[in-house]
Each structure stands twice: as structure tokens, then as C-alpha cells.
Amino acid sequence: MTKASDSWMLKMICKLINLNSFYNFVFFTLGLSLGLTIGFHGPKTSPLMISTNIFSPFFLSNTSSSSSSSSSPSLLRPPISASSLPAQPSQGLLLPNPSSQLVSEYCMNGVSLEVGNLSSLFHNMSDEELLRRASVGSNNLLVQNQGCSLMVPKLAFMFLTKGPMPLGPLWELFFKGHQGLYSIYLHTHPSYNDEALPRDSVFYRRRIPSQPVEWGTISMIDAERRLLANALLDSSNQRFILLSESCIPLFNFTTIYAYLINSKLSFLGSFDDPRNTGRGRYNPRMQPDINITDWRKGSQWFEARRDLALHIVSDDKYYSIFKEHCHPPCYIDEHYLPTMVNIKFQGSSANRSITWVNWSRAGPHPDKLGWGDVTEEFLNRIRFGSNCTYNGSLITSHCFLFARKFVPSALEKLIILAPLVLGFGP
């Protein structure tokens, strides 16, 4: 081979080497750029981390930054034990602080509807339609909550009243400063007009479509289910408390909120009473669906988790049996829910009421409590004078969160003692 040809081949080889290096450089540069782009602009968390960052509706762990401003409390709150529940506001307990951007939503038949700014609870639904929408829509929420906002859990306070709230000023003080953590529903006589209240009252326009109620009859259960169904339409309501106009809170809002939101169980009294006022009210015509061994008695004033509230408004079977076969001296409000829960949902309730009443005197109604009964010693005896279990195992003296029957004459003294004893007030 001549020198000229050798020189030509050498030049060709060098060109090929340079060309290959050029392509390698181009591909390397493209790969590096792609990697940097994904690294800076791609997902910051793995799928596992994403799934663990989603809110739980009941127990919210405190993952907020330690540099957060004290004027903007964290939306997340650590669970607390019942034994540490304070009588006065706790400095270490961080309650959710819902902002105007966190408007709770509920999903009905796949449609997301805002409820945070409802000006009225009135609607034109019949009881049948209301119960159907509450049970079907709420059941869908329990199965699949797609399309709904992450929400702060609320307590639903359901007042079964004849008309105005004689102890309303005490409740106004109780709710003050906790907007967004509670909902209020009033079932009154249809003639009562709640729009006569001041517009800044927590009870203003909180009356649901109501029907007359007669003590000891099915109309009492209808009113309770009506309250539950209306409250279930708001998916942020997670605990449901039935109260009367003669009830008072025994602790501040912070304590009651933490006690209920952290509880794994509902609070519904249910016991087997062998006396005439218990088993003596059983009607054998309820067999075979309800036997004498299933029959239970308990307080009308209950507190329920959302899942149990859903079962109550969805029940047709036991409601129909009681409607047909439980008439005075069988008082349906004392037997329907205790018996139904005992048959179908054992283990879902702590089997005690959180509303204290005084049955020391014989009679169909508990004692009424007025000015002379309200003392610091008396209130603390109710608040800490018993022992019970919390969440199935923890022994605590915090057994009652509410008490009744307080008459209007007790209001002034209750307001005076509220800051000292109950932990809230002016």
C-alpha cells in the first residue's frame, strides 16, 4: 500500500472516531438534561409517601412545620388520652383551625355541593326523601370519597326542643371561638320562628323542617331521625350529639371535641332491665325478629359516630316493628335504639350515655335543677364523681360531658360559674 493511500485511510479513521465521540456527547447531554428536568420538576414524594399524607377523618397526626406562626395553629392535631383531658383549656392541644379556603363539601350522587355557607337548613324534602338521600349519599361517602375536599371533622349538635333555647346564652359562650368545628341543628315545634333571633346567634336559622312531637310516641323517634338525616347531609359532621333545651355542657368545647373525636365508640346507654319498666314493656308480637332476650332499655340522649348514625336513618325493619308494637306504657324512645343497636351493632357503643340526669326521685321524669341546685361542688360532682372506661379499656372519671334537666332560673348562676368550673365564659 502506498503512503498516499495510507495517509488517506488514517484521516478517514480519525474522522470516524471524532464523529462517534460527537454522537456520544450528544446522547450524554440529552440524557443528563432529561434526568435533571425530572429531578427538579417531577414528583417530590413516592406513592407510599403520598398515601400516608392524606387526612384521616378522625385521628389527625401533627405533621405541621415547627416554624409555623403561633397565630395560625396547625390544621393537624395529636390524639390525646381521656386521662389527660383537662377541665380548663389545654395549652398543648392543637385543634383544627378551618380557614375560609377549607370549606367542607359533601358528595351526593357524584355531585360536590358546598355547605359551608348555607344560610338556612330549610328544604322541601319529605321525610322519606330526606332519609333516602341521607342514607344513600352518606353510604356512598363511606365507600368512596372521591371528588370531596379534605375536611376538618365537626361535631353535630342536634337539639330536640319545643321552641326557643332558654339556656341559649350559656351555649353561645360554649361555642364562641370554635366556628368551623361544629354544626347546630334545631328540631322545634313548626310554629317556632328562629329568624327572630339575632343574626349573630349560633342558633340563627338553624331550624330544620320539623313536625309536632308527643312524648313517648313514634313522633319522638321521627324527630331524632330527622335531625340525624339533616346532619348527615354534611359529610364533615363525624359525631352526632342529641340534646334537649334543658341540657348544659359540663366542659369547654376543646375538651368535649377531643373526647368525642378521639373516641372509637359511640355513646348509647343500653341495659337489660328485668322490672316492669324494662322487660315488662316487651310485646311478644315482636317475635321472631325481637326476642325478650334482645330487649334493652336506655337513655334517649345519645351520641353516635357517623357510621352508626347512618345505620339509624337507614333502618326500616326495627323501626316498623316498634312503630306497630310499642305504645305506652312501652315508651319507644327508651327502647328502640338500645334494642336495635344491641341486636345489630354490638360492640359499636360504649354502652353508656354521656348526658347526666338525676333519677334519685321515683317518677317518669328526672329531677329539674334550678338556681338553688347550681353550685361549684354540685357541678364538679357530676363532672368527676363517676368512673367509666374510655375506648374500651382506659379507666377515667370523665364520664359525663353534658347534664340535664336545668330550668331557666339556673341560667344566671351557670354563667357566673362557667369560667371558674366549666372552663369557658365571658
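Begin by selecting Asn-351, which sits in the loop between helix 9 and strand 8 (355-356). The model on screen is a predicted one. At Asn-351, the backbone angle phi is near 60°, a positive value in a residue that is not glycine. Is Asn-351 buried or exposed? With a relative accessibility of 45%, Asn-351 counts as partly exposed, because that class lies between the limits of 20% and 50%.

Next, select Asn-391, in the loop between strand 9 (388-390) and strand 10 (394-396). Phi is positive here as well, near 55°, and this residue is again not a glycine. The relative accessible area of Asn-391 is 26%, so the residue is classed as partly exposed.

**Two cis peptide bonds**

Now select Gln-287 and Pro-288. The peptide bond from Gln-287 to Pro-288 is cis, and its omega is near 5°. Pro-288 belongs to the loop between helix 6 (253-261) and strand 7 (303-305).

Move on to Pro-328 and Pro-329. What kind of peptide bond joins Pro-328 and Pro-329? The bond is cis, with omega about 15°. Pro-329 is located in the loop that runs between helix 8 (317-325) and helix 9 (332-344).

**The open sheet**

Strands of a sheet pair through backbone hydrogen bonds, in either a parallel or an antiparallel sense. Display strands 4, 3, 5 and 7 together: these 4 strands form an open sheet in the order 4-3-5-7, with mixed pairing. Which strands stand at the edges? They are strand 4 (182-187) and strand 7; each has a single partner strand, so one side of each is left without a neighbour in the sheet. From one strand to the next, the twist averages 20°.

Select strand 5 (residues 237-244) together with strand 7. These strands pair in the antiparallel sense over 3 bridges. Within strand 5, pick out Phe-240; opposite Phe-240 stands Ala-304 in strand 7.

**Helices across the sheet**

Finally, add helix 4 (residues 168-175) to the view. Helix 4 lies across strand 3 (154-160), strand 4 and strand 5. The direction of helix 4 makes an angle of about 175° with strand 3.

Then select helix 5 (residues 218-232). Which strands does helix 5 lie across? Helix 5 lies across strand 3, strand 4 and strand 5, and it runs at about 150° to strand 3. With both helices shown beside the sheet, the tour is complete.

Conventions: Residues numbered from 1 in each chain as written. Predicted model: local features only at pLDDT ≥ 70, side-chain atom pairs only at ≥ 80, totals over all residues. Heavy atoms only, no water. Helix = DSSP H or I, 4+ residues; strand = E, 2+ residues; numbered from the N terminus. Buried < 20%, exposed > 50% of the residue type's maximum accessible area, 1.4 Å probe, protein only. Pairing = 2+ DSSP bridges. Axes fitted to C-alpha atoms, helices over the stretch in contact; angles between N-to-C directions. Contact = heavy atoms within 4.5 Å.
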